[in-house]
Amino acid sequence: MRITLERQPLEQIETGALIVLVFEGRKETRFGAGDLTDAGEVAGKSLELTLLHRPPGVAATRVLLAGAGKPEKFDPAELRRVAGAAVRHLKSKSVKQIALALDPEHAGGEYAAAAVEGAILGEFEPDRYKTDAGDKKSVEAFAVVAAGGTGPALDEAVTRGRILAEAQNFTRGLVNEPANRLTPSKVAEAAQEMASEYQLECEVLERRQMEKLGMGALLGVAQGSAEPPALIVVRYRPAQTESKAHLGLVGKGVTFDTGGISIKPADGMEKMKYDMAGGAAMLGAMRAIAQLKPAIPVTAFIPCVENMPGSRAQRPGDIVTAMSGKTIEVINTDAEGRLILADALTYARQQGCTHLVDAATLTGAIVVALGHLNVGLFANDEAMRDRVLQAAKAEGERVWPMPLEDDYKEYLKSAFADLANVGGRWGGAITAAIFLKEFAGDTPWVHLDIAGTAWLDECKPFLAKGPSGVPVRTLVRLATEWKET
Ligand code: BES
Ligand code: ZN
Ligand code: ZN
């Protein structure tokens, strides 16, 4: 989809459909909409859509009145949703050229970026493997109309919105790939391809190198699969920087999670192709970071494995030695994410990262705790927690802080090793985070449990069903707004 910024008056915009925001309590009488308004059919309720053909007074073929809710509640997150819903609606009617008029009171850069993001994110469909071309509609062009706007700030915002949303869709595309087509080696190939396109460095550690590094926890998970594991490392280095900080992004890359010998029930298991959503988010974030060029060096670490049962698979009761030297009793082979992340976190620290964020579809328990609305956040450092919370807020990605007190460590006691990989029935998302904390050591670190938020079970008016691409935008904002303290 081609993205542009237009500064003409909206009456002059020639397009298939011009999206105009309508607010609750403000009667819209332009475009011949007075009767609709009087009849209460156009009330400005959030996501209410009314399509007008050949409206008077504008060059556009259609005007889509898009409800934006109460003006005092309106923010970039709301505009993102409205733009997405409007684009999806128009796309279903085969409209190819779309423009969105910013409301003059809400026409700053954050709004321009959000409109672009909403359009690009709304346009995405997980239909790559549908062969009937008739079902596949797409929008060719989307313009943000900022009538009378001047200066380069809006152009930059539109570009930034495009970069972010395209990165998020890149992540969604990867997450949507089925596990037969996206093995750990294929994730590595995709990473290498992306890295060379955006001038990033990419290195893939193979099993032999992992053995040399002593990554027993990661290798234990990998040993049950015929597919070899890969530890993907993607590096962004700013041209010039005085930054003493080095951000590490660690993402869980389980291309399929059967549970291993502690096998999962069949019902819903097909969804476990999205168990690499954390890793895909890190690749998406790096794709955007490469283009937005923050001052801080950033390195992504993505441990990729397939968690399978089989004659080679690790067993409950096995004891593995992690790269850090700690021994782990594997009580449940389905708690594999924390095992691969343990070694990736240790490696990230060894590589010089001073600050760490991991994202992982780690526990069903976080879905019980927060539902599908909020990412669960755990941190060993208040300043780092606040950085991530702030970035998430600015990007309209919902993240909720969870407790991470040392007392929970009790739950991970093992009679036979330094720690067990599961902590019993209660507080499952917290005990998983406590496990990771053992490997983050004294490095400021945030863990994001995205099991409930990385996949939408139902489509929304503004987003297709399937991978959400969370928390790509938060990670990028964290890097681009990094300030040394
Ligand atoms: N990949 C799953 C977590 C998950 C669950 C992601 C639901 C998405 C939706 C993870 O590897 C897992 O199986 N966790 C177990 C941990 C348990 C064995 C302690 C879980 O949450 O049930
Ligand atoms: Zn699992
Ligand atoms: Zn898993």
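In which sense do strand 3 and strand 4 pair, and over how many bridges? In this predicted model, the two strands, the latter covering residues 62-67, run antiparallel to one another and are joined over five bridges. Within strand 4, L65 stands opposite T50.

The wider setting is an open sheet of six strands with mixed pairing, arranged in the order 1-6-5-2-4-3. Its edges are formed by strand 1 (2-6) and strand 3 (49-53); each has a single partner strand, so one side of each is left without a neighbour in the sheet. From one strand to the next, the twist averages 20°. Helix 3 (residues 109-123) packs on this sheet, where it touches strand 1, strand 5 (97-101) and strand 6 (141-145). The direction of helix 3 makes about 160° with that of strand 6.

A metal site was also examined. The zinc ion (ligand 2) has as its protein donors D257 (OD), D334 (O), D334 (OD) and E336 (OE), at 2.0 to 2.2 Å. The arrangement is irregular because the six donor atoms around this zinc ion subtend angles of 70 to 167°. For comparison, six octahedral donors would ideally give angles of 90 or 180 degrees.

Along the sequence, the donor residues of the zinc ion (ligand 2) follow the spacing D-x76-D-x1-E. Distant parts of the chain are thereby linked: D257 belongs to strand 10 (residues 253-257), whereas D334, 77 residues apart from it, lies in the loop between strand 13 (327-329) and helix 9 (337-350). D257 is buried, with a relative accessible area of 2%, while D334 is partly exposed at 22%. D257 additionally bridges the zinc ion (ligand 2) and the zinc ion (ligand 3), which lie 3.2 Å apart.

Conventions. Residues are numbered from 1 along each chain as its sequence is written. Chains are lettered from A and ligands numbered from 1 in the order in which they are written. This is a predicted model: local features need pLDDT of at least 70, side-chain atom pairs count only at pLDDT 80 or more; totals for chains, interfaces and linings use all residues. Side-chain values use heavy atoms; hydrogens and water are left out. Donors are N, O and S atoms within 2.8 Å of the metal (3.2 Å for Na, K and Ca); water is not among the atoms, so sites may look incomplete. Four donors count as tetrahedral if all angles lie between 85 and 135 degrees; four count as square planar and six as octahedral if opposite donors are over 155 degrees apart and all others between 65 and 115; anything else is irregular. Helices (H or I, at least four residues) and strands (E, at least two) are DSSP runs, numbered from the N terminus. Buried means under 20% relative accessible area, exposed over 50%, partly exposed in between (1.4 Å probe, protein chains only). Two strands pair if DSSP finds at least two bridges between them. Axes are lines fitted to C-alpha atoms, for helices over the stretch in contact, and angles run from 0 to 180 degrees between N-to-C directions. Contact means heavy atoms within 4.5 Å.
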